[in-house]
Amino acid sequence: MANWLIGIHAFLGEFAVLAFLWVFIELFNPGKDTPSRLRIISGLGLLFLLLAWVVGGYYYVSTYGSEVKPIILNGPDAWAHRLITEAKEHIFLLLPFLGMLIFSMIRFEGESLRTDLKMRKAIQWLSLLVVLIGLSMAGMGYLISTGVRTALEAGA
Amino acid sequence: MNHMTLKRMYDMGKATGFTMLFIAAITIFSELDVGFKDALKVLTGHHWITKSVLSILFFIILYYYFSRSNETKGNPFEMSKMVIAYAGFSGVAIFTFYLWHLLSTG
């Protein structure tokens, strides 16, 4: 059975992506409630990223290295660890800082978020970056799972 | 938006950008120097935890340093472009390094 920490990590990461996708879309046409709503949504996105960091990190340190990594390395797709896991675990570290920057920009900007077009564009581009990196994390997670599956099928 | 708010935003943007470069640098350097990676491991028990903690400390120190200066340049859009460029560079550098490492070590 798959480790439940992986499910929680994926859930948190995907909901963080959804939160910043929400920020990106809502800023195309902000309304009266947009500043207060986006403070909550970006705050939740940041919280999900921080929790994904802790949960994913705990799984990586406590379980992945001792149980999963040896299986992948003994299978036909060892690159799934040597390239994908190694890149994923480090590229992920960019996300919480980006999330914190977006949350802070929305919080600092306050009510003028509706009228400040340059600020809105800045927040939108940064949110889109979080969405794209977040989606790439999900794709890399799929490749790592594939590495485990092919190794088990090969009898590793 | 007042000057202080704008400055805090720039300070955080700059600290974020440089922290991402720091993450890429410490990641690549730790793979090239086994002794350095071992030292990172000794600090917390795992090199990745140490990198996580160091990146947080690096961000806090940089933000504190920038917040003490009086410099405020550009606009939010320029700042976001800088952060996106640094994030893109850091992500590509990390991925390319591990790809090169995979191909070169077989």
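**Exercises on the interface of chains B and A**

About 3,300 Å² is buried between chain B and chain A, and carbon and sulfur atoms give 81% of this area, where buried area is the accessible area (1.4 Å probe) that two parts lose on being put together, summed over both. This is a predicted model, in which local features need pLDDT of at least 70 and side-chain atom pairs count only at pLDDT 80 or more, while totals for chains, interfaces and linings use all residues. Residues are numbered from 1 along each chain as its sequence is written, and side-chain values use heavy atoms, with hydrogens and water left out.

**Exercise 1.** Find which three residues supply the most of the area that chain B buries against chain A.

*Solution.* Begin with the contacts (heavy atoms within 4.5 Å), which join 39 residues of chain B to 32 residues of chain A. Then turn to the area that chain B buries against chain A, of which B:Trp48, B:Phe77 and B:Tyr98 supply 20%, more than any other three residues.

**Exercise 2.** Describe the salt bridges and polar contacts between the two chains.

*Solution.* Look for a side-chain nitrogen of Lys or Arg within 4 Å of a carboxyl oxygen of Asp or Glu, the rule for a salt bridge; across this interface the rule finds zero. Next, take polar contacts (N or O atoms within 3.5 Å, one able to donate a hydrogen and the other to accept it, with residues adjacent in sequence counted only if both atoms are side-chain atoms), for which the count is five residue pairs, both residues at pLDDT 80 or more.

Key
Chains are lettered from A and ligands numbered from 1 in the order in which they are written.
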